[in-house]
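Please look through the model below with these notes beside you. They are written for someone new to reading structures.

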Amino acid sequence: MTLPFPRGARPAIATGLALVAGALAIPAGTAPAHAVQSHPAPAPAVSGKHPHDDFNGDGYADLAIGAPGTALGEQRGAGAITVLYGSAKGLSTARKQVLTWPGRKNAESPEGGYGSRLRIADLDEDGYADLLSTVTWTPMDADQGTFIEVNWGGPKGLSATPTLLSGLPDAVALRDFTVADVDGDKHPDLVRLGVHPDTDPKAAGAVQHGPFTRARTSGTRTTYFTVDPDGTELVESLAAGDVNGDGTADLAVRSHSTEESDSRSVTLLLGGPTGFTNKGLLWDTRHRLIGGEEVAIGDLNHDRYGDIVVGHSDDGYDSDVEMPTRGGALGVVYGGPQGTSTGLKPVWINQETAGVPGAGEFHDGMGSGLSIGDTDGDGYADVATGLPGEDFDGLTDAGSVLVLRGSAKGLTGTGAAVFHQNTAGVPGTAEKGDRFGRATALVDGDADRKAGLVVGDPEENAGDGAVWVLSATSAGVTTRGAFSLGAATAGLPATQARFGASLGH
């Protein structure tokens, strides 16, 4: 589509939004323009603690927007990150920071992709959330690899220059990563998928155990883990969360079989002081594998056990013929004391589920861009998912986003809402091939305990990318005051920037 404002122009700012995006860049490492002291004390997010995504410690959640295709100098795809800081009025154009990859900026050094995979965690345990991102580069006398960089949080926001995390084994094989306390020692651990076959042919990934400090970014020790004793599962991505309620993070690891390319699956690994306990693959009630292209964990029924949501967005496999996945679907496995619930059975939710808007059509892509958060403040986590291949109003692949409600009985189609660029109040106009909804984030930027919806579309405007911001009320996500922004409004080169490819929250 064509954005509703000229390139480089500033969109109107609505007050009272959970999230607000803007146009004026603040130099990296400087304080947001509004002093923290000018805001009233927010309601605490969790037992008086700051939100997990609060970079500057003011009690408001923040948002990081990755634009991994951003060109710097002659270097295409060097990458950049735009940070929007929360406040009593949500995320604001006056509370903004732009971070760039400081590597070599010339066409002969194909390095960067900074902002392509964003994660947020307080790695050094100083009370300020830190931002982690992958970059691809070639150290001296080494092969090109994928590495993890961290911008440290602090009272003035994130550090301007990222720090390379040291001690990562075989970084060339990195496929995904997360930060969570998987050994129960109350310190964050860095969990990464993908190790070189020379390390351990059957190892799926490695854990760098905390504590971490800014002076010691390698952790205290490294252990390895597997998802399949035969070593035939190729791991793809993972999510961390407390599924069995023991206070230690567990992993849901998405993979596919190297022997059966049509087989997608998710393995549950329970964390603990002696390592992971493998609870095996996730299955539905008809003994069909629950697998897909994305995975997330959140407490959908407010029983203090994390629930596993699998986004099955690709419905083009032979096995999909016998699955309820036409147009894509969400596979939900509820957590319990043993890892999975014995009372709530796994379910599939798609556009044929009662209450869910639309109808399942091939290649809609439901299950893309998963995010979990409470959008209406009722205590039950909700799920946002993109349908970037959704057709409507005669437009092919225009794309949309669904928000599904959590409840005492789990995820439901009741009260589901759909948003796209032809929804009243959403900026812009839907066009063929927009693929709106490739990424989503649910973020409570104003600390009112209701998460607003952020939608990222790196394909917008022929790969320039764009992000939309919608607020939330006690009725859920609303389009009132919604607006959009792109790379140019962040003060970045727009061409092929893929703004919104990753959303850190």
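The numbered points below go from the whole chain down to single residues.

1. Start with the status of the model. It is predicted. Keep that in mind for each value that follows.

2. Now the overall make-up. The protein chain has one helix and 28 strands. Of its 505 residues, 58% count as buried. The accessible surface comes to about 19200 Å². Carbon and sulfur atoms account for 50% of that surface.

3. Next, contacts along the chain. Take the contacts between residues at least 6 apart in sequence. Of these, 57% join residues at least 24 apart.

4. Turn to one sheet. Four strands form an open sheet, in the order β12-β13-β14-β15. The pairing is antiparallel. Which strands lie at the edges? They are β12 (233-241) and β15, and each pairs on one side only. From one strand to the next, the twist averages 25°. As background, strands of a sheet pair through backbone hydrogen bonds, either parallel or antiparallel.

5. Look closer at the β12 edge. Strand β12 is joined to β13 (residues 250-257) by eight bridges. The two strands run antiparallel. To find the register, locate Glu 233: it stands opposite Ser 257 in β13.

6. A second strand pair is worth a look. Five bridges join β16 to β17 (residues 307-312), again with the strands running antiparallel. Val 295 has Val 310 in β17 as its bridge partner. Is β16 mostly covered or mostly exposed? Strand β16 (residues 294-298) is mostly covered, with four of its five residues buried.

7. Now the aromatic rings. A pair of aromatic rings is described by the distance of the centres and the angle of the planes. The count here is four aromatic pairs. In one of them, the ring centres of Phe 55 and Tyr 85 are 6.4 Å apart. Their planes meet at 80°, so the pair is edge-to-face; the cut-off for that label is over 60 degrees. The two residues are 30 apart along the chain. Phe 55 is in the segment before β1 (63-67), and Tyr 85 is in the loop between β2 (80-84) and β3 (96-100). Both Phe 55 and Tyr 85 are buried.

8. Compare another pair. The rings of Phe 225 and Phe 276 have centres 5.1 Å apart. Their planes are at 65°, so this pair is edge-to-face too. Phe 225 is in strand β11 (residues 221-225). Phe 276 is in the loop between β14 (264-270) and β15 (277-281), 51 residues apart from Phe 225.

9. Check how covered those two residues are. Phe 225 has a relative accessible area of 7%, so it is buried. Phe 276 has 22% relative accessibility, so it counts as partly exposed. The cut-off for buried is under 20%.

10. Charges sit over rings as well. The charged end of Arg 264 sits over the ring of Tyr 317, 3.8 Å from its centre. Arg 326 lies over the face of Phe 362, and here the ring centre is 4.3 Å away.

11. Finish with Trp 348. This residue is found in strand β19 (residues 347-349). Is Trp 348 buried or exposed? Its relative accessibility is 14%, so Trp 348 counts as buried. Thr 285 is 63 residues apart from Trp 348 along the chain. Their C-alpha atoms are separated by 10.0 Å.

Note on methods. Residues numbered from 1 in each chain as written. Predicted model: local features only at pLDDT ≥ 70, side-chain atom pairs only at ≥ 80, totals over all residues. Heavy atoms only, no water. Buried < 20%, exposed > 50% of the residue type's maximum accessible area, 1.4 Å probe, protein only. Contact = heavy atoms within 4.5 Å. Areas by Shrake-Rupley, 256 points an atom, 1.4 Å probe, with all protein chains shown as cover. Phe/Tyr/Trp six-rings, centres within 6.5 Å; stacked < 30°, edge-to-face > 60°. Lys NZ or Arg CZ within 6 Å of the ring centre and 35° of its normal. Pairing = 2+ DSSP bridges. Axes fitted to C-alpha atoms, helices over the stretch in contact; angles between N-to-C directions.
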